[in-house]
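Trainee: Could we go through this structure together, with attention to the criteria behind each statement?

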Amino acid sequence: MRVLVCIKQIGVLDDEIVFAEGEREVEPDCLEPSLNEWDSYAIETALRIRDENGGEVVAATAGSAEAEEVLRRALAMGADRAIRIEGCTPDPYLVGKALGTLTRSLSPDLILCGAQSSDAAHGATGAVVAGLLDLPCAAVVNAVSVDEVRGDVEVVRELEGGMRDRLRMPLPAVLTVQTGINQPRYANLRAIKLAERQPIEVVQLEDGGEPAYRIRKMFLPPAEGRAQPLGGDLREAAELVAKLIQERAS
Amino acid sequence: MNVCVIAEHRSGVLHPATLELITAGCDLGSVIVGVAAPVPDGVLEALGVAGVTEIVCVEGSGEELDPDDYRAMVAELVRERRPAVTLVASTPHSFAYAAAAAAAAGLGFASDVQALRLEGELVVATRSFYGGKVDAELEFPNRGGVLLVLRRAVWTPAPATEGRVPRASLAAGRQSRIERVAFEPTVHDGVDITKADVIVAIGRGIGDRENLDLFEALASKVGATLAVSRPLVDAGWVSADRQVGQSGKTVKPSVYLAFGISGASQHLAGMRASGTVIAVNTDPNAAIFGAADFGGVFDAVTFAQELDKLFTP
C-alpha cells in the first residue's frame, strides 16, 4: 500500500502588511512559514493507513528549499520518504499538474491532500490532481477506511449542517482531508533529530502550462465594510458592548 | 455572454446557493442552468426564476450528489454549450468536483470569489488571501472559458418567475465510479443554538481550555447561548452542537458576540444573517472585522472578564 500525501508550507501574514513592488503579492518578509494545518491531519491519516495496512507513506511538497521544513516534520511523524518538487509556481493548476506527474511515476494507491490551505484557501489542488489524472475524488473527508483486498476506500465526507455522506470508490483515488479527522501525532525529539538526517529527493518537473489565474493586483480590503471601533479604552469598550447587548437583544 | 450555472440538489430540495449563482450569472449575460438528472419536481419548480433561459437536465448515474456525476456534468455542459463563464456554489460537495472539472477542461479557475465584473468580454474576479486579510483581483488570460466558485450569501437569490422555462436533456456519457453507502445525519442531544437571540461565540483566540469556564459563565449572565467556531470542536473542547459555520449550524441572533474568532469564510457563512455583530480579536487585520458592525482589538479573555463585571450574577 503506497500513500502519497501532498503537503504545503503556507505563510502566515504578520500584523504589518507590506506589498511587494508591483502590488501583486505581499513582501515575503511579512510571512511566517508553517505547515498547513489541514496537511498535518492528512499526514496522520496516511500514517494510520500505513500502520494498519503496511506499505509506505511518501510525503511530497512543491516548494523552495525552505519548504523542506514541512517534509522534515512529515518524516519525523513517520513518513517513509520525502520528495520536494522544485521550481513550481504556487498555483493550484501548476502544483496539481506537478503532483499529477509525480503520481504517475510513483503509482500510489491513495493520494491525500488537506481540504484547503490556510493562506490561499483554494481548496482545489487535490481535485486538480484528480481531474488531470481522471481519478475519483472525495473532498472534506472526516473518516477513511481502505480495503486493500477489494481495492477500494470508504470515506465519510461532510456536507452542510452536520450531515455526513458515506461513499465508496475504487483505488487509486484522491481524498482531501478535513481538520478534526484525527489527532495528529507529535514527533518526539529523537524522531525529529533522525528526520534531520534523512534524505529528501528533489525533483524538477516540467512547469509548462497555464496557471489557473493571474493576480492583477493585491490590496487591503476596503475600510468602509469594516466594523465601527468600540473605543480604545477596555472599560469603555466593555460598557459599550453591554449597552449594545441590552439595546439590541429582542 | 453565455453563462452556465451548476445547480445542486439533495432530497428533492434545490440548494439555495443555486439562486445566488443565477443572480450573479444574470449580471454577466444569458444564463442556462445545468442540473443533475433525475430532477425532482420541487427542484425544477424552484429553478423557475427570472433570468434562466433554459434548464439542462444532465443524465448521470441516477445517484444524487455524486462527485463523479457532477464532474462529468460540468464537462458535458462545457463541451456542448461552450459557456464563457461557469458558476458553481461554494459548498462542501463542490470541493470534490469543481476544480477537477475546470482543470480537465482547461478553463480558468478561482474559488471563494466575492465579487465579479466584466471588462469588455474579460472576467475579473475578486477573492481574498491570507485568511481574508488581503483582497486580490484576478484575471484569466489565454482561456476560452472560466469556472468560478462563488462565495455564499454575497449575491441575493434570484426571484421566482411566471411562465415555464424551456428544458433540454443531455447524457453525461460516463459512468460514476463512486457508490453511496448512506447519508448519515449526525444527531446531537444538546442545545439548539439556532434558536438563540444572543450568542457568545468563541474561537481559538480564547487561549487555553480553562478559559471556557469564563465564557460559559459570561454567556449565562448575559442571557446568551454559547457557540463556537470549528477549531474548538476539532480540539475536542466543545460538542459539535455548538459549532457555527458551513459544516455546523447557521444562526441569526439579534446580537452575535465573536471573541477570538478570525472570521474564516466557512464560519462567516454560518452567522452572516445576525443582527448586530460585535467582534473582539487581538489581530487588527482579522477578517471578522469586515463582517462585524462593531469591533475592538483586545484580548478575548481580558475583554470577557471586563464585560463580566458589568453584569450582575
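What follows is a short exchange on selected side chains and ring pairs.

Mentor: This is a predicted model, in which local features need pLDDT of at least 70, side-chain atom pairs count only at pLDDT 80 or more, and totals for chains, interfaces and linings use all residues. Residues are numbered from 1 along each chain as its sequence is written, chains are lettered from A and ligands numbered from 1 in the order in which they are written, and side-chain values use heavy atoms, with hydrogens and water left out.

Trainee: Is Asn285(B) buried or exposed?

Mentor: Buried means under 20% relative accessible area, exposed over 50% and partly exposed in between, with a 1.4 Å probe and protein chains only. Because the relative accessible area of Asn285(B) is 18%, this residue is buried.

Trainee: Which backbone oxygen lies 2.6 Å from a polar atom of the side chain of Asn285(B)?

Mentor: Contact means heavy atoms within 4.5 Å, and, leaving aside neighbours within four places in sequence, Asn285(B) is in contact with residues including Arg226(A) and Lys133(B). The backbone oxygen that lies 2.6 Å from a polar atom of the Asn285(B) side chain is that of Asp15(A).

Trainee: How many aromatic pairs does a search of the whole structure find?

Mentor: Rings of Phe, Tyr and Trp (its six-membered ring) pair if their centres lie within 6.5 Å, and planes under 30 degrees apart count as stacked, over 60 as edge-to-face and the rest as tilted. Over all chains, the number of aromatic pairs found is six.

Trainee: What is the angle between the planes of Tyr93(A) and Phe109(B)?

Mentor: The two rings form a stacked pair, 6.4 Å centre to centre, and the angle between their planes is 25 degrees.

Methods
Polar contact = N/O pair within 3.5 Å; in protein donor to acceptor, adjacent residues only side chain to side chain.
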